[in-house]
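Reader: I'm new to reading protein models, and I'd like a close look at one strand. Could you walk me through its surroundings and the aromatic rings that go with it?

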Amino acid sequence: MAVSTFGLKCVPLLLLAAGGCAAWASAAAEAVPAAAPAPLNLAPEKNLCSARAEPVAIGSVQWNGWGRELDNSRYQPVPAIRAMDVPKLALKWAYGYQSGTEFGQPTLVDGRLFVTSSSGRIYALDAKTGCTYWTYDAPAGSRSAISIGELGQAKRAAIPKKLKRTLAHLDVIKAPSAAVFGDDTGAVYALDAQKGTLLWKTQVDTHASARIVGAPTLYNDRLYVAVGSNEEKNSVDPNYSCCTFRGSVAAIDVANGRVLWKSYTVLEVPQPTRRNSAGVQEFGPAGAAVSSSPTIDPKRGVLYVGTGGSTTGVEQSLTDAIAAFDLSDGKLRWVKQLTVSGRVASSGFTSAPILRTLASGNEILLAGQMSGVVYGLDPDHGGEILWQSRIGAPSPGGDGPAVGPVPTVGADRGGIAWGSAADHRSLFVALSGALAQPGNTTGSLWALDPKTGIARWHTSAPAPACSWSEGPCSHAQSQAVTVMPGGVFSGSMDGHLRVYSTIDGKILWDFDTAKTFQTQNGIRASGGPLDFGGATIVNGSVYINSGNALLAFSIDGK
């Protein structure tokens, strides 16, 4: 059986068993990618593009990084797909990864598709055809989305004096661009986006458990990087000296990789605390990993991150919190700790906060928690809670109605994993039963009023048998959500990618990705559970990873 472990989630490729995933759910708190294996000796890709790769320029029609925009809304306002045509979506092409199951998210800029992989191979493909422009083999695996940033300004091409008065068009020389990503060892890389050559590499964190899961966010020639961890997985080993990792956020000069500042989400350096039952020395405080992409607020000059929980018994002020750091020097502006009592898998945050403007003109920070609670916070008043709502039913013994509106009768239980999405009217949140306590196999999608947190609608995932098994399987919706005008894309652990109406939650399109695909590069590829990075939508096409396949959809597959 081929099994790929993504953090502490149960994700065996094409063999997902409901019972197994439910058993793992209690350990799913603070889930981040497991350490990458030793680099594989991968063969060169066979489907090289015949045309030479041109310089890559930033434009308005793109999906750059995790949330497409600095606010991490995951909203594509110009998809070149009408909601009424969504039922016509069909597979356009597939591309096979040599390394196995992938959960990263594709980035599309200037007609180029950039993706990372668990083997460390980084790809630049033609978005229309799936041919390969270049690959780069990093020494460690990566799951982060890639961010593209220009390293200079575009210039006009030199024109002979005799021709200047006769030309109505001026050629523009595109500025060089960098493709930036983090890996499973806490390092950040910048590659030449046109050629795939290494520009620089910076080790942001040297802890053995450090991982960069969230995509680096680029703003004003600075790269903002959040550092996560999988140390909590090691903490179950009585022979492990738990725990010493501290979450952090860093600013890096995109031109040369120099770290400009670094701020920790655990303010004190871990110190020896006690010895466990095996006589092994323990340490604290530790934890507060940041597993999502930083959200940038240019108006207030801050970035926002959500933090995970403590990995020790030592109390801390920045765990299970939304925190704001100054963009210029990294100083902590404010923190709002949001620990939820009762039977929940975790009070931590693994999804990026979303900054949106309400109809009133006021801005609000929207944050979904692994506990299943969603918050509306005031960015002008230290993250003051404007509203809080638990989506889904409370766990037995939990305190559901005490933290917000009572859920719809019969609602599923679960938590919020990798990311919500928001348009100008609603916040769309996926619920994963794998994060409930105890875990279950359900999933659902919710639309909330961003002003009040009141649910507009919710739709439970259909429960067909998974295509790789006749028995029960998980329908948990952990994957990040993506929204366009009229349609919300949400993937499920049963392998289905579905599009829901933004108006009433009706399912407009359902595609089972858990099948075998013929690929552009000749690699045998099979889809599987959908988790972590969500769909990206650009120029009438939809791109998503499933199993070891990268899939491209368009209207009628054209």
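A strand and its neighbours

Author: Let's start with strand E38, which 6 bridges join to strand E39 (residues 549-555), the two running antiparallel. Strands (E, at least two residues) are DSSP runs, as are helices (H or I, at least four residues), and they're numbered from the N terminus; two strands pair if DSSP finds at least two bridges between them. Before going on, a word on what you're looking at: this is a predicted model, where local features need pLDDT of at least 70, side-chain atom pairs count only at pLDDT 80 or more, and totals for chains, interfaces and linings use all residues. Residues are numbered from 1 along each chain as its sequence is written, and side-chain values use heavy atoms, with hydrogens and water left out.

Back to the strand. Tyr 543 of E38 has Ala 552 as its bridge partner in E39. Between E38 and E39 there are 2 residues, making a hairpin, and Gly 547 in that turn has a positive phi of about 60 degrees. Strand E37 (residues 536-538) also runs antiparallel to E38, joined by 3 bridges, and here Ile 537 is partnered with Val 542. E37 and E38 make a hairpin too, again with 2 residues between them, and Asn 539 in the turn has a positive phi of about 50 degrees.

So how enclosed is E38? It's largely enclosed by the rest of the structure, because 6 of the 6 residues (541-546) are buried. Buried means under 20% relative accessible area, exposed is over 50%, and partly exposed is in between (1.4 Å probe, protein chains only). Look at the two faces: Ser 541, Tyr 543 and Asn 545 are buried on one side, and Val 542, Ile 544 and Ser 546 are buried on the other.

Now for the rings. A search of the whole structure turns up 14 aromatic pairs. Rings of Phe, Tyr and Trp (its six-membered ring) pair if their centres lie within 6.5 Å; planes under 30 degrees apart count as stacked, over 60 as edge-to-face, and the rest as tilted. Trp 93 and Tyr 543 make a tilted pair, because their ring centres are 6.2 Å apart and their planes sit at 50 degrees. Since Trp 93 lies in strand E1 (residues 89-96) and Tyr 543 in E38, this pair ties together parts that are 450 residues apart in sequence. Trp 93 is buried, with a relative accessible area of 3%, and Tyr 543 is buried with a value of 3%.
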